[in-house]
Amino acid sequence: MANASEILQPEALSNEMLPRLYTVNKLYKDTHDTFTMELVPADGGPSMSFLPGQFNMLYVFGVGEVPISISGDPDRAIPLVHTLREVGSVTSALRTLKAGDTVGVRGPYGTAWPVDQAVGHDLVLLAGGIGLAPLRPVLYSILFRRRKYGKVVLLFGTRSPGDILYKKELQKWRSRFDLDIHITVDRAIRPWRGNVGVVTSLIPRASFDPMHTTAMICGPEIMMRFSIMELTKRGVPEDHIWVSMERNMKCGCGFCGHCQCGPLFVCKDGPVFVYPRIKDLMNKYEI
Amino acid sequence: MQDLGPYLKEHPFLSGMTDSHIDLLVGCASNVKFDIGDFVSREGQPAKQFYFVRHGKLAVELQTHDRGPMMIQTIGEGDVLGWSWLFPPYVWHFDVKTVELTRAIAMDGECLRNKCEEDHELGYEIMKRFSHVMVNRLSATRLQLLDIYGKRK
Ligand SMILES: Cc1cc2nc3c(=O)[nH]c(=O)nc-3n(C[C@H](O)[C@H](O)[C@H](O)COP(=O)(O)OP(=O)(O)OC[C@H]3O[C@@H](n4cnc5c(N)ncnc54)[C@H](O)[C@@H]3O)c2cc1C
Ligand code: FES
């Protein structure tokens, strides 16, 4: 039960629901159906600070509002970066924006990846498709404090070579000796020379110490479930596994119940959950 | 001749196998190397061998009439390649082409089948391990079929 101080008064609620205006600074295509938007506050004031894994509600005036994870560097608040996949009305409308256009932004909302808790551990980041976007801030954050972690492994699975997000950045990171990056695609044609197969097939080969590993997973829910199975098979304790859940959202901040999943509100108690907390709720249909 | 026992023993597929069974396997084993672009198998050809990959990468391909060869899986260090040698009519179902220089231990299928018939404990060990590979492959294929990164309907 929420206590009295947690229940927002009407005025606070309207503040929470009021978007702040941001101007599109840059918008560029990543792949055929994904793009990245860089935003700056329209009033020239400071941008928001955020933690890796948190999301914003992006509002296209007259079209609608969608939850989108922040994909930029937490140590560089400006510009505010989001990477999106064009799937429907709002994401398509966002795709058509040009530099100088305005969007409404509410946030940052939600829980963060356990970047501090994982200090001293090996890290395994498992991303599927657009799921790499919410994990990119973790990579920025870790690379900034690289010595605090053991091995850092990124396992990224996507549909085809043409769907690989952040190609240039991945290439740059791949040349580092302190980062182990493996990419796989579900299908390919020649002259692709990388891996073909599901992302879970990379887990048995990756080098990490299971007992002292923190795993963070973001992608389609089926991919996350199978990844968890492989990780636990390798001996990663369940309470070292974190997942980012996706549910339809309206308010994004715990008022409307739209994102409810059992006793949890994904927008407020999540989207990042430690696996045992969400174990019985994964695989449940939306209400 | 090179003793392949130590190489077989350290291959993940054979982990935990007894020394006496490894000795039996050695009798069917030979060392092989494939250059980039070599075909290790061709769909429809007799599957006389299978391989314990020690190093490198191979692509399992399926020929399609309209899109050319589609890569459906890659196989690398520590993997086992091929199970068509186990079941009649002993023919390869796919093309397998090397993507990187590959070193492997080739196993003579008929030789191993005969040993498995003579020593059912060895046969059970081999079957158990291949079943595990096949089950993993089946669930991976199911995930691939779902096209989980595609747009939701
Ligand atoms: C916490 C959170 C963080 C998110 N972060 C990101 C992010 O960083 N980048 C990003 O691109 N998306 C992200 N999403 C998903 C994003 O919110 C949805 O894709 C978006 O709401 C779709 O809105 P739309 O109006 O464009 O599509 P709609 O008009 O609502 O849907 C159109 C069609 O697309 C399908 N669809 C809807 N959502 C998805 C989806 N996620 N994947 C595939 N098909 C879908 C629908 O089933 C429908 O068929 C996140 C979601 C949550 C809950
Ligand atoms: S979206 Fe409104 S409560 Fe979560």
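Before I start, by a residue near the ligand I mean one that has a heavy atom within 4 Å of it. What you see above is a predicted model, and I would like to walk you through the surroundings of ligand 1.

With that cut-off, 19 residues surround ligand 1, and the closest are A:Pro67, A:Thr83, A:Arg85, A:Thr91 and A:Glu246. If we sort the shell by class, we find 10 nonpolar, 5 polar and 4 charged residues.

Let me turn to the polar atoms of the protein backbone. A nitrogen atom of ligand 1 lies 2.9 Å from a polar backbone atom of A:Thr83, while an oxygen atom of the ligand is 2.6 Å from a polar backbone atom of A:Arg85. There is also an oxygen atom of ligand 1 at 3.0 Å from a polar backbone atom of A:Val90. As for cover, ligand 1 taken alone exposes 900 Å², and the protein buries 78% of that.

Which elements give two or more residues to this shell? They are strand 4 (64-69), strand 5 (80-85) and helix 2 (89-95), which belong to chain A, and strand 4 of that chain provides the largest share, with 4 residues.

Finally, where does the ligand sit with respect to domains and chains? In chain A, domain 1 (4-109) and domain 2 (122-282) both give residues to the shell, so ligand 1 lies between them. The site is also shared between chains, because residues from chains A and B surround ligand 1.

Note on methods
Residues numbered from 1 in each chain as written. Chains lettered and ligands numbered in written order. Predicted model: local features only at pLDDT ≥ 70, side-chain atom pairs only at ≥ 80, totals over all residues. Heavy atoms only, no water. Polar contact = N/O pair within 3.5 Å; in protein donor to acceptor, adjacent residues only side chain to side chain. Areas by Shrake-Rupley, 256 points an atom, 1.4 Å probe, with all protein chains shown as cover. Nonpolar A, V, L, I, M, F, W, Y, C, P; charged D, E, K, R; others polar. Domains from an automatic or database assignment.
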